[in-house]
Amino acid sequence: MKIIIRVALVLVGLAVILVAGLLTYVFAFLPNVPLEEVRIEYTHERIKRGEYLSRHVAQCSACHSERDWSRFSGPFKPGTEGSGGERYDRPLGFPGSYPASNITPHNLQDWSDAELLRAITGGVNRDGRPMFPVMPYPNYARLDREDIYSIIAYIRSLPPVKHDVPAAETDFPMSIFIRLIPSAPEFSERPSRTDKVAYGKYVATAASCAECHTPAERGRIIEEKLYSGGRFIQLEWGSVEASNITPDKETGIGAWTEMDFIQRFKAFDKASGKYENDAVEKGAFNTPMPWQGYAGMSEEDLAAIYAYLMTVKPLKNRVVKGKVVR
């Protein structure tokens with residue numbers, strides 16, 4: 001009996017040493033995403049491309065600005081672009097508090113291009129802390145390096161806005177797991193627009209369509225249910241269920257034409273004057289989908305996304321549109 005107890009104590013001791021060693025390694029050496037030696041030239045072409053990507057595709061401007069939830073889909077308030085402050089925190093189901101940071105030159109003036117590149121595509125802050133992937137940096141890590149350079153050039157050109165945002169907080173045990181998420185980017189080459197499906201997949205990745213329109217378990221999207229909708233997105237005013245955008249003809253967008261798809265977005269294009277009355281009464285349906293931002297995508301890019309979505313597996317999943325859960 002004494003031998004069994006001794007063996008058990010030895011095993012417990014070894015387990016404690018092993019766990020302590022692993023934790024020491026995780027907190028001392030992770031995340032391990034090295035800085036690249038890079039200095040970006042802020043050309044007019046890059047700034048223009050970066051504005052398009054930030055405002056209308058990757059939605060940097062939508063998240064890192066103050067959104068006006070009295071209007072449909074919460075467009076960012078003029079004068080707040082890049083100033084941060086939108087909160088993704090515990091009441092919304094997050095394992096901590098993750099306020100969108102100020103990405104205007106007021107806050108980033110001391111950041112190097114290399115540090116920005118690592119944050120956007122590797123998920124590591126300037127001080128080496130891991131970033132929670134509410135900002136979909138794993139997607140940005142698969143884009144063309146030149147597109148990321150353009151985004152950096154654009155946010156460098158924003159007017160500085162003095163707005164101090166509190167640091168992110170991560171609760172235990174996510175405070176351990178979050179250190180395992182960041183990794184070095186695997187950049188790709190932007191496909192030719194002539195390859196409509198490949199290019200559409202690229203744009204959909206940049207726009208992080210799958211992040212909202214795919215069910216998830218423990219924060220990870222379920223690949224077998226890609227784009228089938230049903231994911232609940234929680235905000236302060238309630239939660240909505242993301243639509244099925246697979247080519248299923250009954251419950252998805254399989255019966256839509258390319259023009260139907262394009263016009264669904266362009267209906268929210270302010271420049272066209274097609275959508276003027278966007279005030280939302282308190283308690284009425286609203287959506288976190290930044291329609292006004294995506295509406296600025298070119299018809300060519302929207303058509304490419306449609307072409308790509310028509311190639312994914314059609315999945316039946318009927319989502320009640322316009323339903324708000326409080």
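**Group meeting: a walk through the predicted model, from Leu302 outwards**

Let me start with Leu302, which sits in helix H13, and let me say at once that what we are looking at is a predicted model. Leu302 has a relative accessibility of 0%, so it counts as buried. If we set aside the neighbours within four places in sequence, the residues in contact with Leu302 are Phe261, Ile262, Phe265, Lys266 and Met297. There is also a C-alpha separation that you may want to look up on the screen: Leu302 and Met259 are 43 residues apart along the chain, and their C-alpha atoms are separated by 9.5 Å.

Several of those partners lead us to the packing of two helices. Helix H11, residues 258-266, packs against H13 with the axes 9 Å apart and at an angle of about 130 degrees. An angle of that kind falls outside the parallel, antiparallel and perpendicular ranges, so H11 is described as oblique to H13. As for the hand of the crossing between H11 and H13, it is right-handed. On the H11 side the contact is made by Glu258, Phe261, Ile262, Phe265 and Lys266, while H13 contributes Glu299, Leu302, Ala303, Ile305, Tyr306 and Leu309.

Phe261 deserves a moment of its own. Not counting residues up to four places away in sequence, Phe261 touches Ile253, Trp256, Leu302, Ile305, Tyr306 and Leu309. Phe261 also appears when we turn to the largest nonpolar core, which has 57 residues, and in which Val57, Tyr227, Phe261, Met297 and Leu309 touch the most other members. Which helix gives the largest share of this core? That is helix H13, residues 299-309, with 7 residues. There is a second core, separate from that one, which has 5 residues, among them Tyr98, Ala100, Phe132 and Ile178. As general background, nonpolar side chains in soluble globular proteins tend to be buried together.

Staying with H13 for one more step, we can look at helix H9, residues 196-206, whose buried residues are Tyr199, Gly200, Tyr202, Val203, Ala204, Thr205 and Ala206. The elements covering those buried residues include H13 again, together with helix H2 (44-57), helix H6 (137-140), helix H7 (145-157) and helix H10 (209-213). Just after H9, Ser208 takes a positive phi, of about 55 degrees.

Now to two acidic residues, both placed in the loop between helix H3 and strand S1, beginning with Glu81 and going on to Asp89. Is Glu81 buried or exposed? With 11% relative accessibility, Glu81 is under the 20% cut-off, and therefore counts as buried. Its side chain makes two polar contacts that I would point out, one of 2.7 Å with the side chain of Ser61, and one of 2.8 Å with the side chain of Tyr154. Beyond its neighbours within four places in sequence, Glu81 is in contact with Arg55, Ser61, His64, Ser65, Phe76, Thr104, Tyr154, Leu158 and Val161.

Asp89, with a relative accessible area of 14%, is likewise buried. The side chains of Asp89 and Arg87 are joined by a polar contact of 3.2 Å. Leaving out the neighbours within four places in sequence, Asp89 is in contact with Phe94, Gly96, Ser97 and Tyr98, and Tyr98 is a residue we have already met as a member of the second core.

Two further residues bring together positions that are separated in sequence. Val240, in strand S6 (residues 238-241), is buried at 6% relative accessible area, and from Val240 to Pro288 the C-alpha distance is 8.2 Å, with the two positions 48 residues apart in sequence numbering. Ala267 has its place in the loop between H11 and helix H12 (291-294), and at 26% relative accessibility it counts as partly exposed. The C-alpha atoms of Ala267 and Ala295 are separated by 7.4 Å, although the residues are 28 apart along the chain.

Let me end with the chain as a whole. Its secondary structure comes to 13 helices and 7 strands, and 46% of its 326 residues count as buried. Finally, if we take the contacts between residues at least 6 apart in sequence, 67% of them join residues at least 24 apart.

Technical notes: Residues are numbered from 1 along each chain as its sequence is written. This is a predicted model: local features need pLDDT of at least 70, side-chain atom pairs count only at pLDDT 80 or more; totals for chains, interfaces and linings use all residues. Side-chain values use heavy atoms; hydrogens and water are left out. A nonpolar core is a set of buried Ala, Val, Leu, Ile, Met, Phe, Trp, Tyr and Cys residues joined through side-chain atoms within 4.5 Å. Buried means under 20% relative accessible area, exposed over 50%, partly exposed in between (1.4 Å probe, protein chains only). Helices (H or I, at least four residues) and strands (E, at least two) are DSSP runs, numbered from the N terminus. Contact means heavy atoms within 4.5 Å. A polar contact is a pair of N or O atoms within 3.5 Å; within protein, one must be able to donate a hydrogen and the other to accept it, and residues adjacent in sequence count only if both atoms are side-chain atoms. Axes are lines fitted to C-alpha atoms, for helices over the stretch in contact, and angles run from 0 to 180 degrees between N-to-C directions. Angles under 35 degrees count as roughly parallel, over 145 as roughly antiparallel, 65 to 115 as roughly perpendicular and the rest as oblique. A crossing is left-handed if the near helix is turned anticlockwise from the far one by less than a right angle, and right-handed if clockwise.
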